[in-house]
Amino acid sequence: MPKKIIIDPVTRIEGHAKISIYLDDTGQVSDAQFHVTEFRGFEKFCEGRPLWEMPGITARICGICPVSHLLASAKAGDRILSVTIPKAAEKLRRLMNLAQIIQSHSLSFFHLSAPDLLLGMDSDPAKRNVFGLIAAEPELARGGIRLRQFGQEIIEQLGGQKIHPSWAVPGGVREALSPEGRTHIQNRIPEVRTTILNALGKFKELLNNYQQEAQSFGNFPSLFMGLVTPDGLWEHYDGHIRFVDSAGNIIADKLDPTNYQQFIGEAVESHSYLKFPYYRPLGYPDQSDHCNLNSGIYRVGPLARLNICSHIGTPLADVELREYRDRGKGTVNSSFFYHYARLIEILASIEHIEILLDDPDLLLGQSGASNRLRAEAGINQLSGVGVSEAPRGTLFHDYQVDENGLMQKVNLIIATGQNNLGMNRTVAQIARHFIHGSEIAEGMLNRVEAGIRAFDPCLSCSTHAAGQMPLHIQLVDTDGSVINEIWRE
Amino acid sequence: MKAHAIAIGYGNELRSDDGIGQKVAKTLQLSQVKSIAVHQLTPELAEVLAHANLAIFIDACLISESFQVKVQSLSPTSCNIIAGHTADPPSLLALTQALYNYSPPAWWIKVPGINFELGYSLSPIAEIGVAIALQKINQIIDANSNLFH
């Protein structure tokens, strides 16, 4: 008799999700699905709000990555005002985005994923958590907390608070970085650089223990998408969109991110509140078509950003990138390597921050530096798209306003949503590899969850489609058989 | 060297009475108390706690849980594992203990609120609770003044 195994809730991720694993009569995995059970609705309830409120409203989509929404929203506002923001404002926004990447990636690695990676996926569940990590690797755990704190402090220095800072606005930013704040950040650079290099060293030592996971955690061909600089380097705030395929061939380049609808389509599936973005020219992938190289499935985030760029442009991070590509055999397709990519991006962000802190455009009020932080204008366009790289991937805020600047329509394409197809494929792949017959060890189910955690999904951000909330209620008995169910579409 | 006392008031200021904790923290003015107002209790606060002689947490509670301002002494417990970026006071103290082999003596002040809907202001009951909480903090500091010498 076919069975269904349900993991609900998926633990150690941001937001709420469920995974369903379907077994056939022989007890082998026939399919698996990743369901997002949250519904947020920002796209709908923002209609009618003034443009000026949007950074503050959309920042509250998430408590982990509010800066990402703040910046994408402000950039959409820049387009609607039709302004070029002052150089100092752009660089300050970049500084905050780099800090955001550091704090978010640190949380993901040290708090959410490190217990699996450093303690082992089959270790005692009661200890496979942050306390177990502290007991096993106290210095690493302390360093990780201070690393996240470093990112949070920069955000607080600029925006006045660590979570939901009211700082980036259409036209620029509200406040500059004070000289004292700059000195404080500079003084911490050596420590955080040492921490991340130690973490990278530790992770690379452990890689040999996870050969099986590296092969089976979402290791499939797909496209990769993200922002790059005009010269093709690693980018996090501006630039143009690039797609590469699983072999690293550039298949689309110098795409204007504000014309995203030409190359990104959004599909909806009944089993999840999360939309399913796909690369439009290649079409929505057939769910039975597992590894078709011509399918429109693409991934975003750290794995994608390191696949699409030629190099990062900072010395230590580029050394790590070369080793990363050697280990991953070129263009890296295994989603397990998201953890590795995240650590490299933390290092890249630290190096970029160090460079930015010496930029004369940031030294407001001092000799030769401008005091301008904001371009003032009214509504000059009735639509605008703001795009930046959130820690988890490319983020799009698409606004339409009326002549008074009131929101008429909002479309948000969230980083995690763009990895939705990838997460579903990963869950199915892991389940097929690690679950066989009636023996289902806790470590096996943890690997399915861990596969999702590799993407570091932020499900709180990702679910905003309007409409009546579909419900599926299942009554499942002790052997996994569904004995009653109710659907509301 | 450890700092003096730390008062951490937390909650969502956009949810009316859920902002009680932050209001107390922002109102408190005692020279020997460092006051922090935050949205959530995050793991980074463990380092702040590691340098404190005494800690006081302030949060809102449902009036159905208590009609009065309650003061509860705390000990570190990892029963509520910090699964991500948020924690409650006992688990944050446990994290501090695990990381730094020390956690300060701590109290948790819970102030009843009646309105947790969207809004910026506190209800009259919450405002009274804030005033009482500030008195309670004074009492805790006075009763434990030996920790600051």
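**Helix H3 of chain B, a chain A sheet, and the cysteines**

Just after H3(B), Asn101(B) takes a positive phi of about 60°. The model is predicted, and this residue is a convenient place from which to look back along the helix.

H3 of chain B covers residues 89-100, 12 residues in total. From its first C-alpha to its last, the helix reaches 16 Å, close to the 16 Å expected at 1.5 Å a residue. Of the 12 residues of H3(B), 9 are buried, so the helix is largely enclosed by the rest of the structure. The buried set begins with Pro89(B), Pro90(B) and Ser91(B). It continues through Leu92(B), Leu93(B), Ala94(B), Leu95(B) and Thr96(B), and it also includes Leu99(B).

Chain A offers a sheet to examine next. Four strands form an open sheet in the order S8-S7-S6-S11, with mixed pairing. Strands S8 (250-255) and S11 (298-299) of chain A stand at the edges; each has a single partner strand, so one side of each is left without a neighbour in the sheet. The partner of S8(A) is strand S7 of chain A, residues 240-244, and the two pair in the antiparallel sense over 3 bridges. Within this pairing, Ile241(A) has Leu255(A) in S8(A) as its bridge partner.

The cysteines come last. A disulfide is a covalent bond between the sulfur atoms of two cysteines. With a cut-off of 2.5 Å between cysteine sulfur atoms, the count over all chains is 0 disulfides. Two cysteines can be placed by their accessibility: Cys46(A) is buried, with a relative accessible area of 1%, and Cys61(B) is buried, with a relative accessible area of 5%.

Note on methods:
Residues are numbered from 1 along each chain as its sequence is written. Chains are lettered from A and ligands numbered from 1 in the order in which they are written. This is a predicted model: local features need pLDDT of at least 70, side-chain atom pairs count only at pLDDT 80 or more; totals for chains, interfaces and linings use all residues. Side-chain values use heavy atoms; hydrogens and water are left out. Buried means under 20% relative accessible area, exposed over 50%, partly exposed in between (1.4 Å probe, protein chains only). The expected span of a helix is 1.5 Å times one less than its number of residues. Two strands pair if DSSP finds at least two bridges between them.
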